[in-house]
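Here are my notes on the model, set out as numbered points for you to check against the coordinates.

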Amino acid sequence: MNQHGFILWWDRLVAMTIKELKQLIRDPVLLLIISYFFTVDVYMAGSGINLNLRNASVMVIDHDHSAASRELIYRFRQPYFDFKGEIFDTKTAESLLDQGRILAVLDIPENFQRHLLQGQTVAVQFQVDSANTVLGTLATSYATEITAGFSQDFAAKRLGPDSGQRASLPVIQNRYRVLYNPNQIDGWFMSISELLTVTTMLAMMLPAAAAVREKERGTIEQLAVSPLSSLQILLPKVISMGLVILLGVGVSLFLIIIPIFDLPVKGSLGLFFTVTGLYVFTASGIGLFVATISRSLAQVTMLVILLMMPILLLSGAWTPPEAMPQVMRWAMKISPLYYFNEMSYAILLKGAGLTILWDSLLGLALLGAVFFNFGVWRFRRQFG
Amino acid sequence: MNLTRVWAVTYKEWREILRDRLFFAMAFLLPVGIFMVLGYGISFDVEKIPFAVLDRDRSAMSRDFLHRFMDSRYFYYQGHVTSERELDPLLANSDIRFAIIIPPRFQEQLLAGQATSVQSLIDGVFPYRAEVAKGYVSAIIANFNAQSLASHLAGTQGKSREQALAQVAPLRLESRYLYNQALRSQWSISSGLMMLVLMVTPPFLTALGVVREKENGSIYNIYTSTISRSEFILGKFLPYLLISSLNILILWWVVMNIFGTPFKGHPFFYYAASVIYVICTAGVGLLLVRTQVAAVMLTMVVSFVPAMLYSGLLVPIESMAAATQFESHLFPTLYYLRITWGSFLKGLGWKELWFDVVALMLYAVILWIAGYMNFHKRPST
């Protein structure tokens, strides 16, 4: 291509991109929805979802009424548990559990204190409503910790002062460090996860909508007779929507996630935006394919939502790859969101750079090339 | 209300749905699709956590200790490393999510009756998983400690191992998991997802149906016809109610047969409650159809967020702030989730759940009145 030809090609591309942007700006409802996704939606996901157990209501059947049993009950307190009082028979306990009024019942047997003092092992029963397994698991885990603490203190008291010095006993002390999110703030994970999901949906939806709208209104015929190549028709749609999405990601990151959830960005933001750009490009390839097989916006929406599901499932956001069956783990390798997900958390939370992420980046780039070319090829066959 | 007219609209709508092949297929595929993806995609079982080991002691005891992790189904051994620096890239690349570092002189100190410490590094990107993993690690170490202490006491104080064990760990917690004995997260999630999917898809389908009428301009035929507002809304709505009622059965089947969740309640009670719930959620679709097609997306958002966040499916209601707890009682999802879990896992019926059913009925009535007020035969232009 000579220089003049290239300038002409470039000018047309720019003109079309500006046209797409203008068209978007003149659709206030769509703009509103886009900004809703990047701000309110991300905020709600980050602040609303909290998977820690707080104030789980627990009641006690105390058959012993001794100093030891009171001491144990006293340990079931906030922030994890909320002690709601005593009940006297299992019938009441069952009906309260059935109705979901309380989460757990602690049952302390008779002669609890006496047996403890005699040096026997005593078991207390903890009945927990595990209809919701997250709650059931956490409540049991905290209760186990509480009883273990009680047990240890009691043993220490009985073994006498010489065992008070723990260093003289052969035990392993567990020194754990939670990396990347030391205070285990749910908002970090949730808000980023929501941002990635929103980005995926819009990156597929917006270019597809822009393309199918031309079809619906019949303006596609005008474009087909204009001196534009299919690439010149499609690329501006991807570029303009990509710019809007990158802007949205920036807004979401700098106005919502970083200031509100105090996310410390460990890695390079430049790399993150490069990866996001590449990802938008990949996802829009899928979107263009959707646009070629549907006739109306309603169909586009349905197909996008349908496609979103396997993409989300295979992204590894909620279920990490190691928890999946082997077949699914192979399938994950063709889900673009899987790479995007890995890289986003690695860059933002773990501070990873290109040396670690090059293989994911390569995978995403390859997928992007394949998907985008496929989308353009389908479009060309339809209108070229 | 003239039932012949209602029937005419219903029949027309049904034919339209049947003729739009893509829509018809979607009406049944979409709910099941969302269901399968979320059912398999959201799993809170924390198992096979990949981990690596840095063993600075390399003794019989450290190997015995590490084998407790390797043999556990909760952990998945990925190999040894020789220096701490090797762990960072492995963790950063998510090749491992947990690392354990054993100090030098581990065995020597334990045999000498002294305390030692191991360090565990846990990937905290997903806090819930980190929390559960932490619990597993503490449990394994506590178990090791109890045995180590018991044999130490047995050696120094001349007691039997059982006595020594009772002395170091006098209290034991026996947990009984009610309603879900094996703690399978798929049981709770799959049944809970009935609530989510039936919240999201019915309004979506209704909204698409009404929007189609407006897009095609055929709504003007309705405006000029003798049909009354309530007749039109009812007639329009019945086919979608039928589709959603069938979807309840399909999803129910999937929950029981593909996810293996038991159903302990009363089938008729649950089906009736589900239909009332679907009337509510599809009614949401009638409310939202005034705007343009982009509103379809809005429908998804408006119904998805409360269903995810405020229903108690993922976020325990007790853990919410007081204001959020109040908010969560404003959405029908909370009541239906109680009915669902109550019916599937707890085996409850009308006697225990009547309040939730009445709440849903109230919702249905309010939404219907709002939908009626919202639809005008004389468009304001």
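1. Two strands are taken to pair if DSSP finds at least two bridges between them. With that cut-off in mind, and bearing in mind that this is a predicted model, consider the pairing across the two chains: strand S5 of chain A (residues 172-179) and strand S4 of chain B (residues 116-123) run parallel and are joined by eight bridges. Within this pairing, A:Asn174 has B:Val118 of S4(B) as its bridge partner.

2. The contact between the chains involves 92 residues of chain A and 95 residues of chain B. On the side of chain A that touches chain B, helix H6 of chain A (residues 133-159) supplies the largest share, with 16 residues. That side of chain A, sorted by class, holds 51 nonpolar residues, 30 polar ones and eleven charged ones.

3. As for the overall form of chain A, the radius of gyration is 29 Å, whereas a compact globule of 384 residues would have one near 21 Å. The C-alpha trace of chain A spans about 95 × 45 × 40 Å along its principal axes.

4. Chain A contains 14 helices and five strands, and 46% of its 384 residues are buried. Of the contacts in chain A with a separation of 6 or more, 80% are between residues 24 or more positions apart.

5. Chain B is divided into two domains, of which domain 1 is made up of residues 3-43 together with 184-374, and domain 2 covers residues 49-168. The C-alpha centres of these two domains of chain B lie 49 Å apart.

Terms used
Residues numbered from 1 in each chain as written. Chains lettered and ligands numbered in written order. Predicted model: local features only at pLDDT ≥ 70, side-chain atom pairs only at ≥ 80, totals over all residues. Helix = DSSP H or I, 4+ residues; strand = E, 2+ residues; numbered from the N terminus. Rg over C-alpha atoms; globule rule 2.2 N^0.38 Å. Buried ≥ 20, exposed ≤ 12 C-beta atoms within 10 Å, placed from the backbone. Contact = placed C-beta atoms within 7 Å. Domains from an automatic or database assignment. Nonpolar A, V, L, I, M, F, W, Y, C, P; charged D, E, K, R; others polar.
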